Amino acid sequence: MSADDVTEEYLNAAISIARQSGVLVQEAFHKEKLIETKQSFADLVTQTDEAVENLIHSFFMDKFPEHKFIGEETVAKGEKCELTDAPTWIIDPVDGTTNFVHRIPEVCISIGLTINKEMEVGVIYLPMLDRMYTTRKGHGAFCNGEKLSVQKAESLNTSIVIVESGSDRNQDVIKRKMENTRKIVTNSRGIRSYGSAAFNLCRVAEGCAEAYIEYSLHIWDIAAGALLVREAGGIAIDPEGGDLDLRSRRILCASTEKIALELSQILDHLQFERD
Ligand code: LIP
C-alpha cells in the first residue's frame, strides 16, 4: 500500500467511527443529561462524552493497535497528553459540550490524526445537522462530499471574526479576552461564536467567516479543524504569527495571511500551560 492509500484508509476509518458515534449523540441529545464539571463550573462533561470517547478509542486500538491516542476525557482523568511521531488519533468526543447540554445543535465529534506530529487526516461530524467535514493532507477539504474553500476578504475590516468566551472563569483571563473582543469588533464587520472550536474551524473552511481566534482551548479541539482550514486554502498559525503548535492551547486561523497579520497585531496574546 502507498502512503497515500494508507492515509485514505485512515480517513475512511475515521468517517465510519464518527458516524457510529453520532448515533450516541443523537440518542442522548433531547434527553436529560447527568452533567459533571472539570476545570470550572462552565467546563462540562456528560456520560455521552465519555461513551463516545470509549467507543472511538476501542475502535482505533482494535483496528490500528500500534497507533497512539489522545482523548479529551482520558486526559481529564489523568492520562498524559503525549504527542510522539507515532500515528496518533486526537479526539474530542463531543466538541461543544455546553451546546449539547443546552440542546444547541452545533455539536461535533472531532477526530484528527497526526503522523510525525504533522496533521494528516481530519474528520468533524455534526450528527444533529448531518454535516460530515473531511480532510486529508494534500487532498482538499469537504463537507458531505462538496469541496470547501475559504472566503478571501480584502482585509480585517471587511471580515467576520469568530471568537469564544471559553470555559475559563479566571477574572484576569476573562478581562483580557473581552478586551481582545472589543478590539476585534472595533476593527471588523463583527464577531460570531458557535460554542465549538471544531465547528468554528469548519465555518472558516467553508467561507462563512474570515478568521477565528481562541486562547485556552486544547489540542483535541483543533487537531482536525486546523487541517481542514489549511486544505480549504486558509492558514492556521500561532496567534503571534509563528507556526501552529497543537499543544500551545491557542490558535489563529484566517482566509488570508493579510487578515491573520492584521488580527495578530492588535491582540493581547495570552499564554497557558501546554497540553
Ligand atoms: C469547547 C471548545 C470551545 C471553547 C469551550 C470548550 P468542549 O470544547 O470547543 O471552543 O471555547 O470552552 O473548550 O469542552 O465543548 O469539548
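Tutor: Buried area is the accessible area, with a 1.4 Å probe, that two parts lose on being put together, summed over both. Keep in mind that this is a predicted model.

Student: OK, so how much do domain 1 and domain 2 bury between them?

Tutor: About 2,500 Å². Of that, 69% is on carbon and sulfur atoms.

Student: Which three residues supply the most on the domain 1 side?

Tutor: Met-119, Ile-124 and Tyr-133. They supply 23% of the area that domain 1 buries against domain 2.

Student: Where are the domain bounds?

Tutor: The domain assignment puts domain 1 at 3–147 and domain 2 at 156–266. Their C-alpha centres lie 20 Å apart. The contact takes 41 residues from domain 1 and 27 residues from domain 2.

Student: How many salt bridges across the interface?

Tutor: The rule finds 1. It also finds 11 residue pairs in polar contact across the interface.

Student: Which element gives the largest share of the domain 1 side?

Tutor: Strand β6, with 7 residues. Others supply at least two residues each, including β4 (88–95) and β5 (108–115).

Student: Switching topic. What's the strand order in the 5-strand sheet?

Tutor: β11-β10-β12-β14-β13. The sheet is open and the pairing is mixed. β11 (190–192) and β13 (235–237) are the edge strands. The twist averages 25° from one strand to the next.

Student: And β12 with β14: parallel or antiparallel?

Tutor: Antiparallel, over 5 bridges. Tyr-212 stands opposite Cys-253 in β14.

Student: What does helix α6 touch on the sheet?

Tutor: β10, β12 and β14. The direction of α6 makes about 160° with that of β12. Helix α9 lies across β10, β12, β13 and β14, at about 140° to β14.

Technical notes
Residues numbered from 1 in each chain as written. Predicted model: local features only at pLDDT ≥ 70, side-chain atom pairs only at ≥ 80, totals over all residues. Heavy atoms only, no water. Pairing = 2+ DSSP bridges. Helix = DSSP H or I, 4+ residues; strand = E, 2+ residues; numbered from the N terminus. Axes fitted to C-alpha atoms, helices over the stretch in contact; angles between N-to-C directions. Contact = heavy atoms within 4.5 Å. Domains from an automatic or database assignment. Salt bridge = Lys/Arg side-chain N within 4 Å of Asp/Glu carboxyl O. Polar contact = N/O pair within 3.5 Å; in protein donor to acceptor, adjacent residues only side chain to side chain.
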